[in-house]
Structures are given as structure tokens and as C-alpha cells.
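Colleague: Please take one helix of this model and go over it closely, together with the parts of the chain around it. Plain words will do.

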Amino acid sequence: MKVIWKDLLLGILVGVFNSLFYLNYWDTSLDLTNIILYLSFGTPLLTVPMLTEMAIKLFPYIIFQIITGILFYKHFCTASIYIFSRCENRGKWFLKEAFNVLINTLIYCGMLMCSSVFLASINNNITVSSKSMWLCLAYLLIYSCWLYITIVVINLVNIISSNSCYGFILVMFFQFACIWLLLIWGNVYKIIQEKYQEKMFILLKLNPVSHLVLGWHTSIWSNLNDKINYWNQNFLLINSIVILIIISIIVTFIGIKLIGKKQIINSAVEGDK
């Protein structure tokens, strides 16, 4: 199994930096659930300041997307043409590479989470419970799938366009646009008003980024529901996990089809774009 060790180290470094917030607390009891919620945007209100903070909290994941944005694409440049001259089954090759990406997204998210917990535990008593462990698993699955989907899309767009930047630009625009579109539910649809909440929350779940906000979700376990379920609406964590897994599978099959048809990219053409 190919493991990108720099991603392991990056997850630790970004996790430590991302958790400096917890150094403000000394000799306190901190629930592991609170740390996971912080890593997953907390429970942001649909206001400009809160959505700005949400966009900033996306950067630990953008860093990983930047680094892995050309993992597939680089093999289609003429410098690596020897790979496909010996590759009889591109679909099998793509599945192997996609599996490596998935493993590394799991490692990155895992290290991000573990290093955050470790730093927070230096001067806090971390409380661990069954509800917090389930939230950890949900975070790992949801964010790993999100990173996997975005990384594969970045690479596929780069391959189709024969340009190493277009995929990244498209995915970054999509992610930030989804965050700022949440203002519609805050200012136009008035989801904060109780009489609109149930209908508008159904539409809110159509925004892909909403699946990343664990604090907006619900759980089948009441003791975990007390820590999340900000909107008091039905938004099960397991549903988001299943949806993102299905999208991951769909993106993978699309990748297999596209990889089989795409020719080697001429380095001169790529450089001109």
C-alpha cells in the first residue's frame, strides 16, 4: 500500500496549528465532542461573520486538496508517459491510485483529529464517551469522503482540460460558493424563524457543505443529540455518511471511464494554458 508520509506529517502539523485555540483553556474538563465539533465548523449561524469563520476553517482541508490536486494528472504528462506504455488496464490502475488517495485522506483526517486532541489534552482533561467516539467516526468518514471526492474531481477536471489549475479553481469556487449560499437560508428564507424551519431545512440539506457541519446533524442516540442537533430538525449523521459514500463511488466510476479515453497530455500544450 502506497502511503504518502508527507500527508501524515502535514495532518499532524495542521492539526496542531488548528488546535492552538484550546491552549486558552487551562485545567478544564473538555469533552472530546467539543473538539470534533470545532474541527467540523462548530454550529455556525447563517450570518456573514459566522460564515466567514466557516470559510477560514475550511483551509486545513484546502491545504490537502492543493497538495494532492495533481496526483492523477501528473501521470498524463509526457514526462510520465512510460507508465501508460506498460499499463494494459487503465481502469485497474485508476482504482489502485484512487484507493491510495482514499487511504491518505483517512490518514490526513485521522492525524488532524488526533493531533488536535493531543494538543488539547496538554492542559485540559479530555472526557471520552461512546457518543464522542461515534462523532469521531462520523467526522472521519464524512470528511475523508469529502476530500476524496474533491481531490478526484480536481484531478479529472485537470486531465480533461489539460491544465493543472482549472480543477483546483473550480473546486475552490464550488466550496466557497456553497458556504456563502448559506446566507440565502439566513436572510431570504429566514430559517431562524421557527415557522419556516421545517420546510427550509429540507432545502438547506441540499447544500453540499451542510453535510460537513456535524453540529447541524441529529443522531439516533439521545445523549449525542444533546450536543448537536442545533436546528432541532431531522438530519441524521448516518444519512450524510451514506450519501457521501455513494457520491464517492459515482465519482470513481466516472473517473474510470474518463481515464480510459484520455490520451497523454503534451507538456507543451499544458504549459501554454
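Modeller: In this predicted model, take the contacts between residues at least 6 apart in sequence: 77% of them join residues at least 24 apart. The protein has twelve helices and two strands. Read from the N terminus, the order of these elements is α-β-α-α-α-α-α-β-α-α-α-α-α-α. Of the 273 residues in the protein, 51% are buried.

The helix to look at is α7, which runs from 130 to 161. Its length can be checked with simple arithmetic. At 1.5 Å a residue, the 32 residues of α7 should span 46 Å, and the C-alpha atoms at its ends are indeed 46 Å apart, so the two values agree. Just after the helix comes Ser 162, which has a positive phi, near 55°.

Is α7 mostly covered or mostly open? The helix is mostly covered, with 24 of its 32 residues buried. That leads to the nonpolar core. In soluble globular proteins, nonpolar side chains tend to be buried together. Here the largest nonpolar core has 69 residues, and the members that touch the most other members are Tyr 139 and Leu 237. At least two core residues come from each of α2, α3, α4, α6, α7, α8, α9 and α11. The largest share, 17 residues, is supplied by α7.

Now go along the helix, residue by residue. Ala 138 is in α7. Its relative accessible area is 0%, and buried means under 20%, so Ala 138 is buried. Setting aside neighbours up to four places away in sequence, Ala 138 is in contact with Leu 237 and Ile 241. The C-alpha atom of Ala 138 is also 9.0 Å from that of Ser 240, although 102 residues separate the two along the chain.

Leu 237 deserves a look from its own side. This residue is one of the two that touch the most other members of the core. Outside the four places on either side of it in sequence, Leu 237 touches Trp 134, Leu 135, Ala 138 and Ile 142, and also Leu 214, His 217, Thr 218, Leu 224 and Ile 228. Leu 214 in turn leads to Gly 42, in the loop between α2 and α3. The C-alpha atoms of Gly 42 and Leu 214 are 7.3 Å apart, with their positions 172 residues apart along the chain. Gly 42 has a relative accessible area of 15%, so this loop residue also counts as buried. Beyond its neighbours within four places, Gly 42 is in contact with Leu 37, Val 213 and Gly 215.

Next, which residues of α6 meet this stretch of chain? Two examples are enough. Cys 109 lies in α6, and its relative accessibility is 0%, so it counts as buried. Apart from residues up to four places away in sequence, Cys 109 touches Tyr 139, Leu 140, Tyr 143, Ser 144 and Leu 147. Tyr 139 is the other residue that, with Leu 237, touches the most members of the core. Cys 109 and Leu 39 are 70 residues apart along the chain, and their C-alpha atoms are separated by 9.9 Å.

The second example is Thr 105, also placed in α6. Thr 105 has 0% relative accessibility and therefore counts as buried. With the same exclusion of residues up to four places away, Thr 105 touches Phe 64, Ser 144, Leu 147, Tyr 148 and Ile 151. Ser 144 and Leu 147 are thus touched by Thr 105 and by Cys 109.

Further along α7 is Val 157. Leaving out neighbours within four places, Val 157 is in contact with Tyr 166, Gly 167 and Leu 170. Its C-alpha atom is 9.0 Å from that of Tyr 73, a residue 84 places away in sequence.

Last, there is the largest pocket, which holds about 270 Å³ of space. Its lining has 15 residues, and those closest to the centre are Trp 146, Ile 149, Phe 174, Pro 208 and Ile 247. At least two lining residues come from each of α7, α8 and α11. The largest share of the lining, four residues, is from α7. By type, the lining divides into eleven nonpolar residues, three polar and one charged.

To put it together, α7 gives the largest share of the largest nonpolar core and the largest share of the lining of the largest pocket.

Methods
Residues numbered from 1 in each chain as written. Predicted model: local features only at pLDDT ≥ 70, side-chain atom pairs only at ≥ 80, totals over all residues. Heavy atoms only, no water. Core = buried A, V, L, I, M, F, W, Y, C linked by side-chain atoms within 4.5 Å. Buried < 20%, exposed > 50% of the residue type's maximum accessible area, 1.4 Å probe, protein only. Contact = heavy atoms within 4.5 Å. 1 Å grid on protein atoms, 1.4 Å probe; cavity = no way out; pocket = protein on both sides within 12 Å on 5 of 7 lines; lining within 4 Å. Points joined across faces, edges and corners; volume = space filled by probe spheres on them. Nonpolar A, V, L, I, M, F, W, Y, C, P; charged D, E, K, R; others polar. Expected span 1.5 Å × (residues − 1).
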